[in-house]
Every structure is written in structure tokens, then in C-alpha cells.
Amino acid sequence: MSILVFVFDLDGTLVGKESILPDELTQKLRILEENHELVFASGRMKRSIEGLISNVLKRSHPVIAYNGAMVVGSDGKVIYEAPLNIEQAIGVIRYLREEGYHRQAYICDMLFVEEANEYADSYSYHAAVEYILVDDLVKLCRQKGPQKILVIDEKRDLRALASELMKKFRVEAYVSFPTYLEIVKPGINKGTGLIKLAEYEGFEMDEIVAFGDSDNDVEMLKIAGTGIAVGNATEQLKKVATHVVSKPMWRGVIEGIDLVLSGNAGG
């Protein structure tokens, strides 16, 4: 079999809320990296992604962070960045503040919050990164546009909020976890990040096998030669996948890898 490029979403696909790669999955990925290329694509920060995978895999791998707003090659070089426009970011933050949503901004691969609450603490634990408490995210964003703004909310309809923000501020907004809304520069998604990475690394799209579970994986699965939605995936993602496996999360990933390696999952 020729060398393939396996692209994995993290949250809801490889890991759950505990953010731990199970041993069975780790062994599968270690075997896979011996003969194929691995890429990790997430809404997470670069250092959160690298922190998770560097502990379990034998070598470094390309990363698509912030839903495509930052792309890192196999050589560790940041090859692409697309932060939010400063005025867009300020408008979004002010709106979220007025509506009472928890919001946090990511600048220079650091996490900033205005409120040290249970959402900030939970995210910090989940992503294994510390947050920096500031008085005013607007003031901070005047200095440099953030790579991403994240909303965390357990009670309100985040898809409705995404539509509102896209209409008002002309940003991209994706639901990742059911309680997370990711806000990035217009035109930015994991698919655009994957295109940038493929150009840099010399990958062909028909060599790519992409795995995901949520709405922010749609564009990535659309352009991949083979797009696999795990069993717990959103209906929107299942509609664009070339294959939907029966098992959820990492068990579905293993099912999908075996399907591909057996030659039964051509795109």
C-alpha cells in the first residue's frame, strides 16, 4: 500500500473530556506512523495539540491549530497564520460580553480570559494549558488580533449564536464540542488549513484520510480523498463523509483505520 496521510480531529474523535489518548489507540497510532504520515487538526491551541501527542508518539507531526488559523509543518515551522481582524475581534468580544457569554481569546498561542470562572478552569484542565486573567480582552486585542475566540456555554443554542455572529461580524463560527463555539477569521477552517499543509508537505488530496466528529470538521472531510465520520458525529458531518463508522470516538477511529488499511474505504 502507498503512503497515506491520516488526519485526525482531537476532541470528540480521538479524546473525550478527560483528554487522554487510550492505550489501544496509542498503540494503533504508533504502528500507523511507522509507514504513513499523521496530522492532527483541532480547534485547540498549537501547544495544547503538541502537548497531547508528543507524550505518546515517537516523532513530531504536522499540526492544524485554531481550526486552520495556524498551520505547523512536519519540521515544526509555523507555515501559515490567519488571526482575526482587530475590529472584528473587538466587536465580537463586546457583543459576547453584553449577552453574558463566557469568552476567551487566543493571542500568540496563549489563552486569555476576563473571568476566572468554572468554564475557564474546566477548559484549562481539558486542554492542559494555563490561562491568563486580564481586565479587558478588548484592550488586549487592540494590540494584536487573536487567532481564535472561544465561547463556552451549556444552556443556550450555540448554532443560533454562530449564525448571529457570522451575520453581524462576518466571521466564521463553528460548534466543536456541544458547549464550545469557535470563532475565527472569515474563510478559515480545517479544510483551508489542510490545503496549506498539503502544498507545503507535498501531499496529494487523494492520499488524505480525514477523521472527525463535529461541524468544524466538515470542510476537512469534504476535501479529503477519504472522509470518515465517527459514530458520534453530527448529522451535518455524516452527510459529507465518504464513510460513517459505527463505533464512537477513538473506537470509531480504530474501526476506520482498519477499514482503510484493508482496502475497503476508498474515497
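**Exercise 1. Strand pairing at one end of a sheet**

In β5, V78 is the bridge partner of V72. Starting from this pair in the predicted model, work out how β4 and β5 are joined, which strand follows on the other side of β4, and where β5 stands in the sheet.

Solution.

Step 1. Strands β4 (residues 70-72) and β5 (residues 78-81) run antiparallel and are joined by three bridges.

Step 2. The two strands form a hairpin, with five residues between them. In the turn, G76 has a positive phi of about 85 degrees.

Step 3. β4 also pairs with strand β3 (residues 63-65), in the antiparallel sense and over three bridges. Here I64 stands opposite V71 in β4.

Step 4. These strands belong to an open sheet of eight strands, whose order is β5-β4-β3-β2-β1-β12-β13-β14 and whose pairing is mixed. β5 and β14 (243-244) each have a single partner strand, so they stand at the edges and one side of each is left without a neighbour in the sheet.

**Exercise 2. The two sides of helix α4**

Which residues of helix α4 (residues 118-127) are buried, and why can they be said to line one face?

Solution.

Step 1. List the buried residues: Y119, A120, Y123, S124, H126 and A127.

Step 2. Look down the helix axis. The buried residues of α4 fall within an arc of 165 degrees, so they line one face of the helix. The general background is that an α-helix has 3.6 residues a turn, so residues three or four places apart point the same way.

Step 3. Check the other side of α4, where E118 and Y125 are exposed.

Step 4. Find what the buried residues pack against. The elements are α2 (46-54), β6 (102-107), β7 (110-113), β8 (131-133), β9 (148-152) and β11 (180-184).

Step 5. Inspect the ends. At the start of α4, a side-chain oxygen of N117 comes to within 3.1 Å of the backbone nitrogen of Y119. Just after the helix, A128 has a positive phi of about 60 degrees.

**Exercise 3. Aromatic rings and charges**

Describe the geometry of the ring pair Y106 and Y123, and state what the pair ties together.

Solution.

Step 1. A pair of aromatic rings is described by the distance of the centres and the angle of the planes. There are eight aromatic pairs in the structure.

Step 2. For Y106 and Y123, the centres are 6.1 Å apart and the planes make an angle of 70 degrees. Planes over 60 degrees apart count as edge-to-face, and this pair is edge-to-face.

Step 3. Y106 lies in strand β6 and Y123 in helix α4, so the pair ties together parts that are 17 residues apart in sequence. Both Y106 and Y123 are buried.

Step 4. Extend the pair to its cluster: ring pairs link Y66, Y106, Y123, F177 and Y180.

Step 5. Add the charges. K148 lies over the face of Y106, 4.5 Å from the ring centre. Elsewhere, the charged end of R156 sits over the ring of Y101, at 3.7 Å from its centre.

**Exercise 4. The loop between β12 and α8**

Are N216 and D217 buried or exposed, and which residues do they contact?

Solution.

Step 1. N216 lies in the loop between β12 and α8. D217 is in the loop between β12 (208-212) and α8 (218-223).

Step 2. N216 has a relative accessibility of 5% and counts as buried. D217 is buried, with a relative accessible area of 0%.

Step 3. Leaving out residues up to four places away in sequence, N216 touches N67, Y174, V175, S176 and K190. With its neighbours within four places set aside, D217 is in contact with D9, K190, G212 and L237.

Step 4. Look for a polar contact: the side chains of N216 and N67 make one, at 2.8 Å.

Step 5. The C-alpha atoms of N216 and E182 are separated by 8.4 Å, while the two residues are 34 residues apart along the chain.

**Exercise 5. Positive phi outside glycine**

Where do R170 and M249 lie, and how exposed is each?

Solution.

Step 1. Most residues other than glycine have a negative phi. In R170, phi is positive, near 55 degrees; in M249, phi is positive, near 50 degrees.

Step 2. R170 lies in the loop between α6 (158-169) and β10 (172-175), and M249 in helix α10 (residues 249-261).

Step 3. R170 is exposed, with a relative accessible area of 62%. M249 is partly exposed, at 24%.

Definitions and conventions: Residues numbered from 1 in each chain as written. Predicted model: local features only at pLDDT ≥ 70, side-chain atom pairs only at ≥ 80, totals over all residues. Heavy atoms only, no water. Buried < 20%, exposed > 50% of the residue type's maximum accessible area, 1.4 Å probe, protein only. Helix = DSSP H or I, 4+ residues; strand = E, 2+ residues; numbered from the N terminus. Arc of directions from axis to C-beta. Contact = heavy atoms within 4.5 Å. Polar contact = N/O pair within 3.5 Å; in protein donor to acceptor, adjacent residues only side chain to side chain. Phe/Tyr/Trp six-rings, centres within 6.5 Å; stacked < 30°, edge-to-face > 60°. Lys NZ or Arg CZ within 6 Å of the ring centre and 35° of its normal. Pairing = 2+ DSSP bridges.
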